[in-house]
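Good morning, and thank you for coming. Please keep the sequence and the structure in view while I speak.

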Amino acid sequence: MVGMNLNDQMQGSGSEWWRHAVTYQIYVRSFADADGDGIGDLRGITSRLEHVRDLGVDAIWLNPFYTSPQHDHGYDVADYCDIDPLFGTLADADAMVERAHDLGLKVIVDLVPNHTSNEHEWFRAALAAGPGSPERDRYVFRDSTDGPPNNWKSVFGGPAWTQVSDGQWYLHLFDSTQPDLNWRNPEVGEMFVDVLRFWLDRGVDGFRVDVAHGLFKEESLRDQVFATSEEPVSGASAGESMVERTAVDEPMWDQPEVHDVYRRWHEVLAKYDGDRMMVAEAWTQSAESMARYIRPDEFSQAFNFAWLLAPWSAEAFAKVITGTFEAVGHVGGSPTWVLSNHDVDRHPSRYGGGAVGLARAKAATLTMLALPGSAYVYQGEELGLEQVEVEPEFRQDPSWFRTGKPGRDGCRVPLPWSGATPPFGFGPGQGQPWIPQPAEWAELTVEAQAADPGSTLAFYRAALAARREFSETAGEEIELVDAGEQVLSFRRGPVTVLVNCGTEPVPLPDGDVLMASGPVEGALPPDTAVWIG
Ligand code: NOJ
């Protein structure tokens, strides 16, 4: 039995809402479309927020909605203080925040500080001003007559450098339309403090910070050294490469200077009322380096991607849980848990797809929701949606264009709300969304599932309600319980949680079944989780 206790290390008061929150991630272009152009928008979100409230979560996080040419669906920002016309206006954003607050939901927005769009006014000015100019110094431009200045690869595939017409090269760790900013130039830091204040003044409750381990690169821009002759996969933060991450040498990621930025941002947020928060998307090499981002004067929390990378295995899940507690414990942080997001295959598909994949996904979700800390739920997982095989003509992920691999579009298909045929109420009328929805989703609409007590939606609502009730009294301590190799089990307060990752039913401990991810009679079947109290 291994005890893990966060009580002693937890800093601050119980008013830090984000420590225990469940946050629902909204992929803006695929949630709900109010204007009928086939792309989700802010007014669509506002009109559907009751679904999110009814689910029983505490907060929403919206992927970027800023002015952007959309080469990476808004992670290529051309204006950080305005809304892309595809998604609406600043007035629509204000109305969305107000409605969310009225419904008791906090609002987290996405901040993209590692790179801008190549259509940002700064990058246009840099191209126009030429080599050696102050305008170029806001980005990472270098001379090189002999190919790219170093051997770094883009996370989306291909070289991380593009040459401009005067011969200089600029760095882009992602797509060539996403030039990396030079964070050694103080103007960059000043600009982002203004951006933070702009959104804080509009009432947002927090920021999800994209590529938080990026920003600073080793000053020499030296070559990356590889352990093997294989293609490098390093510091990835998107798509396929995340799951294959193996790099040992990362001069482009996780540099010590980055922490000064977050200390400064922490101070900016602290001046606002209402416990504003920041969550880091930081893909670091170790739990220790991750913990540095959540020291008390930096981020409130960081995404913990360990579970999302783990196979369906009791042993792997136990390692994720112990590793997470160790990492956050000694800096007084609180854990976060996430099984799906807009960058990875949806978890029912990762766990094998079909009925088994869904059963496992529900079991993993129920287990995650029993743990201390906060949890992130990605839109559509409450409907049990699977990864969709998107026809090449509809794919938009830049990694598809750079590598020819399917990319991330399959987890970004617009949600099915109602009706028997596409677009399933995603937008008004019969206009088709930007990615076609599978016809089988007729059975998975919110409308269909809301009427069915055995649906995945009903399960999520019940599990979230049970979590709310249980986490009020369960405390921050868990004890891992030895329940055999195929079963992960832990105790939290009065509740024992079990998830059966094996192939045979296992006996249940004494007590009442408080929540189960599937049918449980007498024994715990494979691919099922249960809370016993
Ligand atoms: C991480 C985001 O989650 C992903 O969608 C995006 O493509 C990259 N960062 C680049 O901004």
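I begin with one pair of residues: V499 stands opposite A529, a residue of strand β21. Please bear in mind throughout that this is a predicted model.

That pair belongs to a longer arrangement. Strand β21 covers residues 528-532, and β17 pairs with β21 in the antiparallel sense over five bridges. On β17 there is also a pairing with strand β16, residues 487-492, again antiparallel, this time over six bridges. Within that second pairing, F490 has V497 of β17 as its bridge partner.

How many residues lie between β16 and β17? There are two, and the two strands form a hairpin. In the turn, G493 has a positive phi of about 55°.

Let us now consider β17 itself, which runs over residues 495-500. Are its residues buried or exposed? Six of its six residues are buried, where buried means under 20% relative accessible area. The side chains are divided between two directions: V495, V497 and V499 point one way, while T496, L498 and N500 point the other way. As a general point, side chains in a regular strand alternate between the two faces of the sheet. In β17, the residues pointing in either direction are buried.

I turn next to the aromatic residues. The count of aromatic pairs comes to 30. Ring pairs also join Y80, W183, F192, Y262, W265, Y293 and F299 into a cluster.

Two rings have a charged group over them. The charged end of K362 sits over the ring of F459, at 5.2 Å from its centre. R492 lies over the face of F470, and there the distance to the ring centre is 5.2 Å. R492 also falls within the residue range of β16, the strand I described in the hairpin.

Finally, I come to the ligand. Which residues come nearest to it? Of the 14 residues around the ligand, the nearest are D72, R208, D210, H342 and D343. For D72, an N or O atom of the side chain is 2.6 Å from an oxygen atom of the ligand. For H115, a side-chain N or O atom is 3.0 Å from a ligand oxygen atom. The side chain of R408 likewise has an N or O atom at 3.0 Å from an oxygen atom of the ligand. Taken alone, the ligand exposes 290 Å², and the protein buries 100% of that area.

That concludes my presentation, and I thank you for your attention.

Note on methods:
Residues numbered from 1 in each chain as written. Predicted model: local features only at pLDDT ≥ 70, side-chain atom pairs only at ≥ 80, totals over all residues. Heavy atoms only, no water. Buried < 20%, exposed > 50% of the residue type's maximum accessible area, 1.4 Å probe, protein only. Helix = DSSP H or I, 4+ residues; strand = E, 2+ residues; numbered from the N terminus. Pairing = 2+ DSSP bridges. Phe/Tyr/Trp six-rings, centres within 6.5 Å; stacked < 30°, edge-to-face > 60°. Lys NZ or Arg CZ within 6 Å of the ring centre and 35° of its normal. Near = heavy atom within 4 Å. Polar contact = N/O pair within 3.5 Å; in protein donor to acceptor, adjacent residues only side chain to side chain. Areas by Shrake-Rupley, 256 points an atom, 1.4 Å probe, with all protein chains shown as cover.
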